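This report describes selected features of a molecular structure for a reader who is beginning to study proteins. Please examine the sequence and the model shown below before reading on.

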Amino acid sequence: MAISQAMCTSFKQELLTGTHNFTTSTGDAFKLALYTSSATLGASTAAYTTTNEVTGTGYTAGGGSLTNVTPTTSGTTALTDFADLTFSTATITARGALIYNDDQSDKSVIVLDFGSDKTSTAGDFTIVFPTADASNAIIRIA
Amino acid sequence: MKLDFEFPTNGTIKDLGIQVHTTNNRGFTPEEHAIRCAEKIVSVSSEAHPAIRAQAHAFKSQVIRAVEQTLCEAVKSDRTTIYNALNEAGHPELADLIRRL
């Protein structure tokens, strides 16, 4: 049982077949699901699963909806981003997360490992994405 | 041609720059939001010339103050809206609680 941070292998292939569209508003709907430390997630994760997904106040199975940022370029690097996501008034503990495409049969994109359990009690649980530039954006093709 | 996905296959959260912020028994304060906002707007390289670095940090501090002040005003405005909505719905005591926050 472990969560290994990775860009999912199936996602890399699906990029080449044009499965995912990260365009704001008109693109696909992406979601972020939270998982406990008992979950097994990694590069081989191909789709969203409810196994060992977080449960608790302020969290609904399937996770939260992400706001896409239309892909752009910086120099020779293409990149995309998501707006920060907050689970409000939440009492939950999570060790990692899975970003997946809700419009494309829940196909997985990225597995995130928080490094340790993160807990909120009747508070806010916020995932802060890195600066959207060529060196730091969450998804970059250089 | 090689497509290089700049994503650590076995890295930690730190490698990605992802952060998880949590609170207990409260929400984030305007100051906490303002700091996070400024982090998105201004990033200062540790390798920048000291004078430029100092100027960037000063600008960042200004951004934090401006955003915090605006957020505080937004919170007040929203409470006014909620106060009136509760009053109109026949809950003056609840409305007063919101007003006193």
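## A residue in a loop

Where in chain A is the place of T76(A)? T76(A) sits in the loop that runs between β4 (68-74) and β5 (77-82) of chain A. The model discussed here is a predicted one. The relative accessibility of T76(A) is 76%, so this residue counts as exposed, the cut-off being over 50%. Leaving aside its neighbours within four places in sequence, T76(A) is in contact with I141(A) and A142(A). Q13(A) lies 63 residues from T76(A) along the chain, and the C-alpha atoms of the two are separated by 21 Å.

The strands on either side of this loop, β4(A) and β5(A), pair in the antiparallel sense, and five bridges join them. Within this pairing, T73(A) stands opposite A78(A) of β5(A). The hairpin has two residues between its strands, and G75(A) takes a positive phi near 65° there.

## The nonpolar cores

In soluble globular proteins, nonpolar side chains tend to be buried together. In this model, the largest nonpolar core has 38 residues. Which residues have the most contacts inside this core? They are L32(A), L34(A) and F87(A). The elements that give two or more residues to the core are β2 (30-35), β6 (85-101) and β7 of chain A. Of these, β6(A) gives the most, with nine residues.

L32(A) shows how such a residue is surrounded. Leaving aside neighbours within four places in sequence, the contacts of L32(A) include L66(A), L85(A), F87(A), L98(A), I99(A), L112(A), I127(A) and F129(A). The glycines G62(A), G63(A) and G64(A) are also in contact with L32(A). Apart from this core lies another, of five residues, among them A34(B), A38(B), V42(B) and V67(B).

## A buried serine in a strand

S108(A) is found in strand β7 of chain A. Is this residue buried or exposed? S108(A) has a relative accessible area of 0%, so it is buried, the cut-off being under 20%. Leaving aside its neighbours within four places in sequence, S108(A) is in contact with residues from several stretches of chain A, including C8(A), S10(A), F11(A), E14(A) and H20(A). Other contacts of S108(A) include T45(A), A46(A), A47(A), L98(A), I99(A) and Y100(A).

## Helix α2 of chain B

Helix α2 of chain B has 12 residues, 30-41. At 1.5 Å a residue, this helix should span 16 Å; its end C-alpha atoms are 16 Å apart, so the expected span and the model agree.

Three residues of α2(B), namely A34(B), R36(B) and A38(B), are buried. What covers the buried residues of α2(B)? The cover includes β7 (107-128) of chain A, and from chain B it includes β1 (19-22) and α3 (50-88). Two of these buried residues, A34(B) and A38(B), are among the members of the five-residue core.

## Salt bridges within and between chains

The structure holds eight salt bridges over all chains. In one of them, the side chains of D84(A) and K40(B) meet with a distance of 2.9 Å, N to O. D84(A) lies in the loop between β5 and β6 of chain A, whereas K40(B) belongs to helix α2 of chain B, so the pair joins two chains. D84(A) has a relative accessibility of 27% and counts as partly exposed; K40(B), at 30%, also counts as partly exposed. D84(A), R36(B) and K40(B) are linked in a network of salt bridges.

R95(A) forms a salt bridge with D113(A), and their closest N and O atoms are 2.9 Å apart. R95(A) is in strand β6 and D113(A) in strand β7 of chain A, so the pair ties together parts that are 18 residues apart in sequence. R95(A), at 24% relative accessibility, counts as partly exposed, while D113(A), at 9%, counts as buried.

A further salt bridge joins the side chains of E73(B) and K76(B), at 3.8 Å, N to O. Both residues lie in helix α3 of chain B, three residues apart, which is about one turn of the helix. E73(B) is partly exposed, with a relative accessible area of 44%, whereas K76(B) is exposed, at 53%.

Technical notes
Residues are numbered from 1 along each chain as its sequence is written. Chains are lettered from A and ligands numbered from 1 in the order in which they are written. This is a predicted model: local features need pLDDT of at least 70, side-chain atom pairs count only at pLDDT 80 or more; totals for chains, interfaces and linings use all residues. Side-chain values use heavy atoms; hydrogens and water are left out. Helices (H or I, at least four residues) and strands (E, at least two) are DSSP runs, numbered from the N terminus. The expected span of a helix is 1.5 Å times one less than its number of residues. Buried means under 20% relative accessible area, exposed over 50%, partly exposed in between (1.4 Å probe, protein chains only). Contact means heavy atoms within 4.5 Å. Two strands pair if DSSP finds at least two bridges between them. A nonpolar core is a set of buried Ala, Val, Leu, Ile, Met, Phe, Trp, Tyr and Cys residues joined through side-chain atoms within 4.5 Å. A salt bridge is a side-chain nitrogen of Lys or Arg within 4 Å of a carboxyl oxygen of Asp or Glu.
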